[in-house]
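Okay, thanks for squeezing me in. I'd like to walk you through one model, starting at the N-terminal end and finishing with the pocket. Have a look at it while I talk.

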Amino acid sequence: MENLSFLTVDEKPISYVQAVKYLQASGKLGQFIGDILRQYIIEQELEKREDILISSALTEQTIIDFRLKNKLTEPQKFQEWLQSNGTNYDTFHSSVAYGFKVEKLKAMVTESKLQEYYIERKIYLDRVVVSRIIVETQELAEELLTQIEEGTSFEQVAREYSLSDEKIVNGMMGPVSRGTMPDKLRACIDIASPGQLVGPIELEGRYGLFRVEQFLSASLENTQLRQALQNELFEKWLAEKIQKLTVKLQVN
């Protein structure tokens, strides 16, 4: 292996051993091996599972859609695109079919665990849109709360008094994950209604007034969220599989 060529650069061969040394020097050898092991696990699973079948018609239609979207309907243009990306039609066709197989494997691996994982993660997936006013003392926070309750706009008070960066946008923080909120703030926010003021609440030596704008509850009906959770679970499953492998690097 020491003399086998891995790459040729300007007519000069680079051996597998030298390639490994380059990866070690760049600190990327572990990632490189990890990617190989990840692919190994996936392909081993696909070989074992006879129920993962992808129709040729689905693959062909996906390629047609891709060509339409990227304005590659003319055969010559598509051929030029394939060549510029270092591939050919058969390889491209296989990669599309392979992608469908991996997605089907991912669904099968995560299906039984997805609901439980969603419940575990829900506190971080649920978000709340809030505005805030941060000041140095409780006395000032209470005084400002009184002003707002008596008719002064929250936005005006935020612009004039708040110490937080959001003052320039009237105190609006935008969507915040419930799981990242301090416990005492989350407890108050959870029982509030949109438009309601919360506080003053002491946080890290300062005092905050918060206005709940909107609750954004997560749902598995959200296709994008469902896909993201499936990806997370699939990567965990792969990591567990890789941990059980016995790996030896065959380089002198």
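So, start with the hairpin: it is made by β1 and β2, with two residues between the strands. Asp-10 sits in that turn, and its phi is positive, about 50°. Keep in mind that this is a predicted model. The two strands, residues 5-9 for β1 and 12-15 for β2, run antiparallel and are joined by four bridges. If you want one pair to click on, take Leu-7, whose bridge partner in β2 is Ile-14.

Next up is helix α1, residues 16-26. Which of its residues are buried? Those are Val-17, Ala-19 and Val-20. Looking down the axis of α1, you'd see them fall within an arc of 160°, so they line one face of the helix. And what covers them? The cover includes our hairpin strands β1 and β2, plus α2, residues 29-48. After α1 comes Gly-27, another positive phi, this one near 75°.

Now jump along the chain to α7, residues 154-161. Here the buried residues are Phe-154, Val-157 and Ala-158. Their arc around the axis is only 100°, which puts them on the same side of α7. That fits the textbook picture: an α-helix has 3.6 residues a turn, so residues three or four places apart point the same way. As for what they pack against, we have two helix-or-strand neighbours from earlier in the chain, β3 (127-135) and α6 (138-149), and then β5 (197-203) and β6 (206-216).

Hang on to β3, please, and look at Gly-174, over in strand β4. Is Gly-174 buried or exposed? Buried, at a relative accessible area of 11%, where the cut-off for buried is under 20%. Leaving aside residues up to four places away in sequence, Gly-174 touches Val-128, Val-129 and Val-130. Take Val-128: 46 residues separate it from Gly-174 along the chain, yet their C-alpha atoms are 7.8 Å apart.

Last stop, the largest pocket, with about 280 Å³ of space. It has 16 lining residues, and the ones nearest the centre are Arg-132, Ile-134, Leu-203, Glu-204 and Phe-210. Which elements give two or more residues to that lining? They are β3, β4 and β6, and β6 gives the most, with four residues. By character, the lining splits into ten nonpolar, three polar and three charged residues.

That's my tour. Over to you.

Key
Residues numbered from 1 in each chain as written. Predicted model: local features only at pLDDT ≥ 70, side-chain atom pairs only at ≥ 80, totals over all residues. Heavy atoms only, no water. Buried < 20%, exposed > 50% of the residue type's maximum accessible area, 1.4 Å probe, protein only. Arc of directions from axis to C-beta. Contact = heavy atoms within 4.5 Å. 1 Å grid on protein atoms, 1.4 Å probe; cavity = no way out; pocket = protein on both sides within 12 Å on 5 of 7 lines; lining within 4 Å. Points joined across faces, edges and corners; volume = space filled by probe spheres on them. Nonpolar A, V, L, I, M, F, W, Y, C, P; charged D, E, K, R; others polar. Pairing = 2+ DSSP bridges.
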